[in-house]
Amino acid sequence: MNFSQGFKMAFKSILGNKMRSLLTMLGIIIGVAAVIALVAIGQGATKQVTEQVQGLGTNLLTVNILGRGSTSTLAYDQATSLGELEGVEYAAPYNANNGTVRYGTDSVSVSVVGTNAQYADVRDYEVSAGRFVSQIDLDFYQKIAVLGSTTAADLFGFADPIGEYVQINGTRFKVVGVLAEKGDSSQGSNDELVVVPLTTAERVFQSKGVRNVYIQVESADAVDRTAALLEAELAGMFRNNADSYRVFNQQDVLDTVSSVTDTLSLALGGIAGISLLVGGIGIMNIMLVSVTERTREIGIRKAIGAKKRDILMQFLIEAITLSGLGGLLGVGVGLGVGIAVSSALNMDAVLSYENIALAFGFSVVIGVAFGLFPANKAAGLKPIDALRFS
């Protein structure tokens, strides 16, 4: 018996018992679909979180001041001096306060960020209209404001806000710029904010000093070295009181997030893989039933010259066909579920050809592994015993 004849007989047997064949394949279909959908969703979540973390800035170090009393802040000059360290490209000290921004009868509550001119470079902001904060604004305590895209839309609608005046916590500011839309990050919306000069923000919010500094490093290779220099500089400023400050490495956060999400994706894939094993057991059970039902047929085939390998091939091909068809249907269901869930959760599902091929290949392997025992049992039947069976 050749392979083409074996597949014809397998399809004839499957079509002869449609409902039983579908129920047999159900475990494989669910298993393959679950592997594809869960891994795609897991990798999509990894991609989304990674992009959000990277959206905070590349080669980024963040200095947070944690102390109390006289050690609770850095002076503005101290914060800007960190930008003179070797390997530092930009240093953007900032303070963020919740404020009410009013224009006419409209008002919004947003984050008011007091910072310097380098904040846009560090956080990868672009100005869609007007200009950003400049050094002269800080030197002369200018009451100017740069609006986030959402804040500008909420207050002015489609009107041009450049040159208009808004009130921030009751203080009058001139709008000199509007930021381009950036979207959300792990810290919330990047567009619901107002940027003002840090020196002006200190007066408006009566908060002297700086509690946070973004440090943009020149290259990824210099991040660790620059972080060590920052630690040493801060140790001198705070008299070796390490509890007064923290230096966060953005790459460390990204590595941690990637490790957690990769582990989660692996766990989801493993759980889904169990369904494939259950499906394989179902194939073996049905094939054993099929061997019992067709014992007389096996006896007749052996009596007219069929060899052991012919019988073995017949039942093995039938098991592989069942698992292969189940795998193909599972691929289709998995792709559909992955796309539907990603659309419902408003995130991208990463549909990898490698994962799809692996899931389908595993389903075929399951068919071989669990079809081998009943096929071997059928091939081992003696013709005279098989013909006596009724």
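Modeller: Relative accessible area (1.4 Å probe, protein chains only) sorts residues into buried, under 20%, exposed, over 50%, and partly exposed in between. This is a predicted model, where local features need pLDDT of at least 70 and side-chain atom pairs count only at pLDDT 80 or more, while totals for chains, interfaces and linings use all residues. Residues are numbered from 1 along each chain as its sequence is written, and side-chain values use heavy atoms, with hydrogens and water left out.

Colleague: Thanks! Why is serine 352 called buried?

Modeller: Its relative accessibility is 17%, and the limit for buried is under 20%, so serine 352 counts as buried. Serine 352 lies in the loop between α11 and α12; helices here are DSSP runs (H or I, at least four residues) and strands are too (E, at least two), numbered from the N terminus. The C-alpha atoms of serine 352 and leucine 335 are 10 Å apart, with their positions 17 residues apart along the chain.

Colleague: What makes glycine 27 partly exposed rather than buried?

Modeller: Glycine 27 has a relative accessible area of 22%, which falls in the range between buried and exposed. Glycine 27 sits in helix α2 (residues 18-54). Setting aside neighbours within four places in sequence, glycine 27 is in contact (heavy atoms within 4.5 Å) with Ser275 and Gly279. Methionine 237 is 65 Å from glycine 27, C-alpha to C-alpha, and 210 residues from it in sequence.

Colleague: And why does glycine 16 count as exposed?

Modeller: At 54% relative accessibility, glycine 16 passes the limit of over 50%, so exposed is the right word. Glycine 16 belongs to helix α1 (residues 3-16). Its C-alpha atom is separated by 73 Å from that of valine 195, 179 residues apart along the chain.

Colleague: What is the sign of phi at asparagine 169, and how accessible is this residue?

Modeller: Phi of asparagine 169 is near 50 degrees, a positive value in a residue other than glycine. Asparagine 169 is in the loop between β6 (165-168) and β7 (171-179). With a relative accessible area of 40%, asparagine 169 is partly exposed.

Colleague: How do you know that glutamine 206 is exposed?

Modeller: Glutamine 206 has 73% relative accessibility, so it counts as exposed. Glutamine 206 has a positive phi of about 50 degrees although it is not a glycine, and its place is the loop between α7 (198-204) and β11 (212-217).

Colleague: On to the helix pairs. Why are α9 and α12 called roughly parallel?

Modeller: Helix α9 (residues 250-293) and helix α12 (residues 353-379) pack at about 25 degrees, with their axes 9 Å apart. Axes are lines fitted to C-alpha atoms, for helices over the stretch in contact, and angles run from 0 to 180 degrees between N-to-C directions. Angles under 35 degrees count as roughly parallel, over 145 as roughly antiparallel, 65 to 115 as roughly perpendicular and the rest as oblique. The pair α9 and α12 is therefore roughly parallel. Their contact includes Gly273 and Leu277 of α9 as well as Phe362 and Ile366 of α12.

Colleague: What makes α10 and α11 oblique?

Modeller: Helix α10 (residues 295-303) and helix α11 (residues 308-344) pack at about 140 degrees, with axes 10 Å apart. That angle is in none of the three named ranges, and the two helices are therefore oblique to each other. In this contact Glu297, Ile298, Arg301 and Lys302 of α10 meet Ile311, Gln314 and Phe315 of α11.

Colleague: How do you know that α11 and α12 are roughly antiparallel?

Modeller: Their axes cross at roughly 150 degrees and come within 7 Å. The limit is over 145, so α11 and α12 are roughly antiparallel.

Colleague: Last one: which residues touch the most other members of the largest nonpolar core?

Modeller: A nonpolar core is a set of buried Ala, Val, Leu, Ile, Met, Phe, Trp, Tyr and Cys residues joined through side-chain atoms within 4.5 Å. The largest has 42 residues, and Val63, Leu74, Tyr119, Phe132, Val213, Ile215 and Leu230 touch the most other members. Helix α8 (residues 223-237) gives the most to this core, with five residues. A second, separate core of 29 residues includes Leu316, Val331, Phe370 and Ala375.
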